[in-house]
Amino acid sequence: MNENIIYSINGPVVTVRDTNAFSMMEMVYVGHKRLIGEVISIHKEATTIQVYETTTGLKPGEPVQPTGGPLCALLGPGILSNIFDGIERPLLDIEKASGAFIGEGLNIPMLDEQKLWDVTVTAQVGQTLSGGEIYATCPETALIEHRAMVPPDLTGEVIYAAENGQYNLNGVLVKLRDANGQVHNLTLCQKWPIRIPRPVKQRLPITKPLITGQRVIDALFPIAKGGTAAIPGGFGTGKTMTQHQLAKWCDADIIVYVGCGERGNEMTQVLEEFSELIDPKSGKPLTARTVLIANTSNMPVAAREASIYTGITLAEYYRDMGYHVAIMADSTSRWAEALREISGRLEEMPAEEGFPAYLPSRISQFYERAGDMVTNCGKEGSVSIIGAVSPQGADFSEPVTQNTKRFVRCFWALDKSLAYARHYPAINWNTSYSEYLDDLEKWYSKNVDRNFFKRRQEIAALLLEENKLMEIVKLIGSDVLPDDQKLIIEIARVIRVGFLQQNAYHKDDTYVPLLKQLKMMEVILYLYFQARSLVIKGIPVSSITETGLFDSVVKMKYDIPNDQLERFNEYYKEIDQKLGALK
């Protein structure tokens, strides 16, 4: 008789008494249906397990079987273009097996073990390979070459190398003999514990931006490749929409999108949109470089807690191949709520707002896995993390937002009033910030223009000055302001509507290259400085606004195609002509 039997069940938390058969963080099979679980607490009297599937129908007295290893992700070709649940089970295969709802205890392979891949074996007999080095490649999608790597903890001499040809996931490609004489068979796939960061050779300093094509981000609050950013915002402010836009347009090689506790219809929208979108860089479907992890709000809460670790492990795997990966976590607040629910069932002492005391350390463990790295195969790869935060009532002082703010260097605060005014992206330029400006200035100067950051600072200064002036306007009205301050309010409106506001559905405005962003800033500033020189001479602002120049400059984002930047010269001529007539 199996002595490891269930003593109690509390939602996703199961207890086994009087046993020492389990180790901490070990993956186990729970009950007759063999539900997947993980050991999260061990006492002398009892072992506590969190179950990643629904425990409906589970009874005390059913067996719990140890596996001898931690919860792992299966890493190999077939990850891209796929959609998984929080513990990397393929949802399309689950649908075929159990219909529209996920059945319990489904023993479905994480990746297709029967599919044949066109493999090129690069290792040679007699060669010494160490962890992270590439021994075979195959085309995973039309955009991404999959590179099979030696597991990080293995080094040895190649004693067998297969011929090039078609192999499935478990076909032996290379045999490696280690220093102890033990032979290891290397296939197209490997396993890695999701809660342990994959090792790298070197962490590089931040020097390159993750270009998004969104002006308010690239120009005012840039994020670096290997950087971290948070997008906090209340309900309806556009967090998911902003992440969708970044996933479509940012210059990462691979996108990992984690829907963590979000509504099912939002994940459906992601699936439908991504399947229809064409990658602008290659002309191929965007899904060819995307993996989706869907753990919707009605799925088991423990799997939601695991989903972001699964996502970051997949991202690190492709980083180790030498790719730049961006992971979108939507939303980390739902993930924190899963932590809170499980913590409550474990009867742990609650901290602020009922969240567990270890919330900050868990958030930091996730964001600290970002970075620009030299991988063990000598290539450069990066993982950039962009996490949405959903504070209840848009209260940024709540624990998840505040603790996230401690561990990210980019904060894109979404504003409800901007969102309701249809200003997209609804990123508030007064409360947002980026700490990457100094790190990226050299890159912008070298690759775009040495004046880019100077123009950016001038734009930001005008917005800051407008914010101060609007406090006065709210109290006593704008009529009492002198003309030079009225001009700042007018030009700030041009910056807000003509530069910061973007149209995600316009072919030239949905993505804007950096050089066009610079030229737009230069035209706006040229208009401001020319108009200011007239105001100094005593010409009223009302006369300047009557020329229609401000409205004309606002429309330049639509009127100038991204590939016809020479047409910006027309605006300089128009400004000179109309303002010259006022002198």
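A residue counts as buried when its relative accessible area is under 20%, as exposed when that area is over 50%, and as partly exposed in between. With that yardstick in hand, 55% of the 583 residues of the chain come out as buried. The model is a predicted one, and everything below is read from it.

Start with the whole chain. There are 17 helices and 26 strands in the chain. Its radius of gyration is 27 Å, close to the 25 Å that the globule rule gives for 583 residues, so the chain is as compact as a globular protein of that length. Laid along its principal axes, the C-alpha trace spans about 95 × 55 × 40 Å. Contacts tell a related story: among those between residues at least 6 apart in sequence, 70% join residues at least 24 apart. As for the outside, the chain exposes about 24600 Å², and carbon and sulfur atoms supply 49% of that area. Charges come next. The chain carries 60 positive and 71 negative side chains, and the centres of these two sets lie 4 Å apart.

Now for the strands. Strands of a sheet pair through backbone hydrogen bonds, and they can do so in a parallel or an antiparallel way. One open sheet here has 4 strands in the order E10-E13-E15-E16, with antiparallel pairing. Strand E10 (128-129) and strand E16 (183-186) stand at the edges with a single partner strand each, so one side of each is left without a neighbour in the sheet.

Strand E15 (residues 174-177) is a handy one to follow through this sheet. On one side, E15 pairs with strand E13 (residues 156-161) in the antiparallel sense, over 4 bridges. Within that pairing, Val-158 has Leu-176 as its bridge partner in E15, while the partner of Tyr-160 is Lys-175. E15 is also joined to E16 by 4 bridges, and these two strands run antiparallel as well. There, Lys-175 stands opposite Asn-185 of E16. The two strands E15 and E16 form a hairpin with 5 residues between them, and Gly-181 in the turn has a positive phi of about 85°.

In a regular strand the side chains alternate between the two faces of the sheet. E15 has a covered face, made up of Val-174 and Leu-176, and an uncovered one, with Lys-175 and Arg-177. Strand E7 (residues 72-75) gives another picture: Cys-72 and Leu-74 point one way, Ala-73 and Leu-75 point the other way, and all of them are buried. E7 is tied by 4 bridges to strand E17 (residues 190-193), and the two run antiparallel. In that pairing, the bridge partner of Leu-74 is Lys-191 of E17.

Two residues show how surroundings can be described one position at a time. Gln-245 sits in helix H3 (residues 239-249). With a relative accessible area of 1%, Gln-245 is buried. Setting aside residues up to four places away in sequence, Gln-245 touches Gln-214, Tyr-424, Ala-504 and Thr-510. Val-200, on the other hand, belongs to the loop between E17 and strand E18 (202-203). Its relative accessible area is 28%, so Val-200 is partly exposed. Beyond its neighbours within four places in sequence, Val-200 is in contact with Arg-319, Asp-320, Met-373, Val-374 and Asn-376. The C-alpha atoms of Val-200 and Leu-286 are separated by 28 Å, with their positions 86 residues apart along the chain.

The backbone has a few oddities too. Most residues other than glycine have a negative phi, and most peptide bonds are trans. Asp-18 has a positive phi, near 50°, and lies in the loop between strand E2 (13-17) and strand E3 (26-30). With a relative accessible area of 57%, Asp-18 is exposed. Ala-394 likewise has a positive phi, near 55°, and is found in the loop between strand E24 (380-389) and helix H8 (399-407). Ala-394 is partly exposed, at a relative accessible area of 31%.

Cis peptide bonds turn up as well. The bond from Asp-330 to Ser-331 is cis, with omega near 5°, and Ser-331 is placed in the loop between strand E22 (324-330) and helix H6 (332-345). The bond from Tyr-424 to Pro-425 is also cis, with omega near -10°. Pro-425 lies in the loop between helix H9 (416-420) and strand E26 (433-434), and Tyr-424 is one of the residues touched by the buried Gln-245.

Terms used
Residues are numbered from 1 along each chain as its sequence is written. This is a predicted model: local features need pLDDT of at least 70, side-chain atom pairs count only at pLDDT 80 or more; totals for chains, interfaces and linings use all residues. Side-chain values use heavy atoms; hydrogens and water are left out. The radius of gyration is taken over C-alpha atoms; the globule rule is 2.2 Å times the number of residues to the power 0.38. Buried means under 20% relative accessible area, exposed over 50%, partly exposed in between (1.4 Å probe, protein chains only). Contact means heavy atoms within 4.5 Å. Accessible areas come from the Shrake-Rupley method with a 1.4 Å probe; for residues, only the protein chains shown count as cover. Lys and Arg count as positive and Asp and Glu as negative; His and the chain ends are not counted. The place of a charge is taken as NZ of Lys, CZ of Arg, CG of Asp or CD of Glu. Two strands pair if DSSP finds at least two bridges between them.
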